[in-house]
Amino acid sequence: MALDGIYLYSLVNNLEKSILNSKIDKINQPEKDEIILTLRKDRQNIKLLISASPRFARIHLTNSTKENPIKAPMYLMVLRKYILGGRITNLIQKDSDRILIIEIENRDELGFDSLYSLIVEIMGRHSNITLVRNRDNKVMESIKHITADINSYRVLYPGVNFIYPPSSTKLNPFSITFEELSSFITKNSITFDNKFYSNCFTGISILLSNDLYYNITNYNNSPTTSEIYENFNKFIHNLDENISYNMYTNKLGIVKDFYSLKLDSLAKDYLSVPYDNPNILMDAFYEKKDKQDRLQNKSTDLQKLIHTNIDRCNKKSKILNETLNECAEKESFKIKGDLLTSYIYTIKKGDSECTLLNFYNENQEEYLTIPLNKTKTPSENVQYYYKKYNKLKTSEEYAKVQLDKNVQEMKYLNSVLTNIINAESYTEIDEIKNELIETGYIRFRKNSKSSKKAKTSKPHHFVSSDGIDIYVGKNNLQNDYLSLKFANKNYLWLHAKDIPGSHVIVCSFDIPDKTLEEAAVIAGYYSKGKDSLKLPIDYTKVKELKKPNGAKPGMVIYHTNKTLMVNPTDFNKIFNS
């Protein structure tokens, strides 16, 4: 975890300059485990984000905005009651660990000055944000309630006395002596490996521990305890001077990690992107990571539904193909019926088989042995083979029609799945859910309590380097709207070739090459092949599109088109630079 005690130490030093003596002007709770304090200082607004997310717990300044729930949660109401309008007087990091105490001075309901502590615990799935009244150490409210059946050591809910998590048995990196380190290693039988520092000291993540180990073993494979202590002591002593905020990405720009120091162990394999401010770094890192994680959780049920239907289509496809393989033998039954008809007077009831000259064979030298039912007359045997032939012929025609419908349904389901993965907000997820209701995959249940009209999102809008508008559908209903209603028949339409993706409309009759290339990159980015380095993109005039009768949303056909090869990963370079 990049946000360890050392990073928090550097972050607190930075936050003190920004938020000490600021007034809490607004409090919002956009997520069930996240709050945003809007602070007022020097006639400027500052947003402080505090999250107790199990995967991305953190605290930092932010510029991002989020939609708030219609109804304010109880935790938010309590915070507004006790600390809204208060002033932040102090920031304290407890024992070099991932616990930050924000002291707030405010007037209570009786008008007396009162001191509160907003205690932020950044502890993975045990993360929490608790408001404590200092005069009696009473918990006013916590964002996650912890009862005795969950934790026997301490409970967290309104009215109880606040107890800090158990103190770590590890050593404090800022006050360690050689004797303490030597004794701790011996007592706990700690071996010197890449986890040594995280096993010995509080606030040292495995990420930093691995880097410290990497650096010392680069010039000394077997350092003594004294050398380890001297090296670590030097590191702590020079910590403030060496603070350097970096994000590490691979060559494609995919984020690996971040830290408040330059990590040599990561720099050898990843690109280092420097930042001047820890808040800007964390905001950039977590905005996409946390957003995607929350959207993933929000869309889990929809993805499960789509995968279930895709599995159903795969099974149906297997059965239909088996039927077609069986029907491939239908002509042999017709031949047998024809031969029996031609030689019917040579066959007697009670014959178990007959061998007849097969005049369908080109050289007319092959004889065919045909099994017969002894209990049936020759005419009934003839009818059996014709009926079998007609049955297989009908089954084949039906199977072909159903197989085509199944292929179209698979395309639609995969396009919905791609839209879910590419969704960037809760509203977009809800719109996809509504689309599935319209197409019959989800049973509609009217909610009498919901009187407000649901919010709808607009298609993505980009402007090319040449100043031309480009629109992208976020779901299949938007795809239909853009391609069949919004777009002029001479506008350009683009789509990733033969894979699920969004419809892209370029609003111009004369398209420069630069705009065409940018629109193709957009079409690749908003498709299933967004991580490909080389992807074919089809493009044609809108007037060439046709929507078959009964086709599902977003499904169109076209024949007159051209194809352009692009790299979808160029999207971030073009539109985020």
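S244 is found in the loop between helix α7 (239-242) and strand β10 (245-249). The model described here is a predicted one. With a relative accessibility of 26%, S244 counts as partly exposed, because the buried class ends at 20% and the exposed class begins over 50%. Beyond its neighbours within four places in sequence, S244 is in contact with Y259, S260, L261 and K262. Another residue to look for is D276: 32 residues separate S244 and D276 in sequence, and their C-alpha atoms are 7.8 Å apart in space.

I499 can be described in the same terms. I499 has its place in the loop between β17 and β18 (504-506). At 24% relative accessibility, I499 counts as partly exposed. Leaving out residues up to four places away in sequence, I499 touches S527, K528, G529 and L535. I499 and S415 are 84 residues apart along the chain, while the distance between their C-alpha atoms is 8.1 Å.

One of the residues that I499 touches, L535, leads to strand β19, which covers residues 535-541. Is this strand enclosed or not? Five of its seven residues are buried, so β19 is largely enclosed by the rest of the structure. Strand β17 (residues 492-496) pairs with β19 in the antiparallel sense over five bridges, and within that pairing H495 has D538 as its bridge partner. Strand β20 (residues 562-566) also pairs with β19, again antiparallel and over five bridges. In this pairing, L535 stands opposite V566 of β20.

Strand β13 (residues 353-357) shows how side chains can be arranged along a strand. In a regular strand, side chains alternate between the two faces of the sheet. Which side chains of β13 point to the buried face? C354 and L356 do, and both are buried; E353, T355 and L357 point to the other face and are not buried. The partner of β13 is strand β14 (residues 367-371), with five bridges in the antiparallel sense. L356 of β13 has L368 of β14 as its bridge partner.

Two loop residues deserve a note on their backbone angles. Most residues other than glycine have a negative phi. D42 and N137 have positive values, as the table shows.

| Residue | Phi | Loop between | Relative accessibility |
|---|---|---|---|
| D42 | near 50 degrees | β2 (34-41) and β3 (44-51) | 67%, exposed |
| N137 | about 55 degrees | β8 (128-133) and β9 (138-142) | 33%, partly exposed |

The remaining values concern the whole protein. It contains 16 helices and 20 strands. Along the principal axes, its C-alpha trace spans about 110 × 60 × 55 Å. The radius of gyration is 35 Å, whereas a compact globule of 577 residues would have one near 25 Å. Buried residues make up 46% of the 577 residues.

Of the contacts in the protein with a separation of 6 or more, 58% are between residues 24 or more positions apart. The protein exposes about 31,300 Å², and carbon and sulfur atoms supply 49% of that area. Its charged side chains comprise 80 positive and 70 negative ones, and the centres of the two sets lie 7 Å apart.

Key: Residues numbered from 1 in each chain as written. Heavy atoms only, no water. Buried < 20%, exposed > 50% of the residue type's maximum accessible area, 1.4 Å probe, protein only. Helix = DSSP H or I, 4+ residues; strand = E, 2+ residues; numbered from the N terminus. Pairing = 2+ DSSP bridges. Rg over C-alpha atoms; globule rule 2.2 N^0.38 Å. Contact = heavy atoms within 4.5 Å. Areas by Shrake-Rupley, 256 points an atom, 1.4 Å probe, with all protein chains shown as cover. Lys, Arg positive; Asp, Glu negative; His and termini not counted. Charge placed at Lys NZ, Arg CZ, Asp CG, Glu CD.
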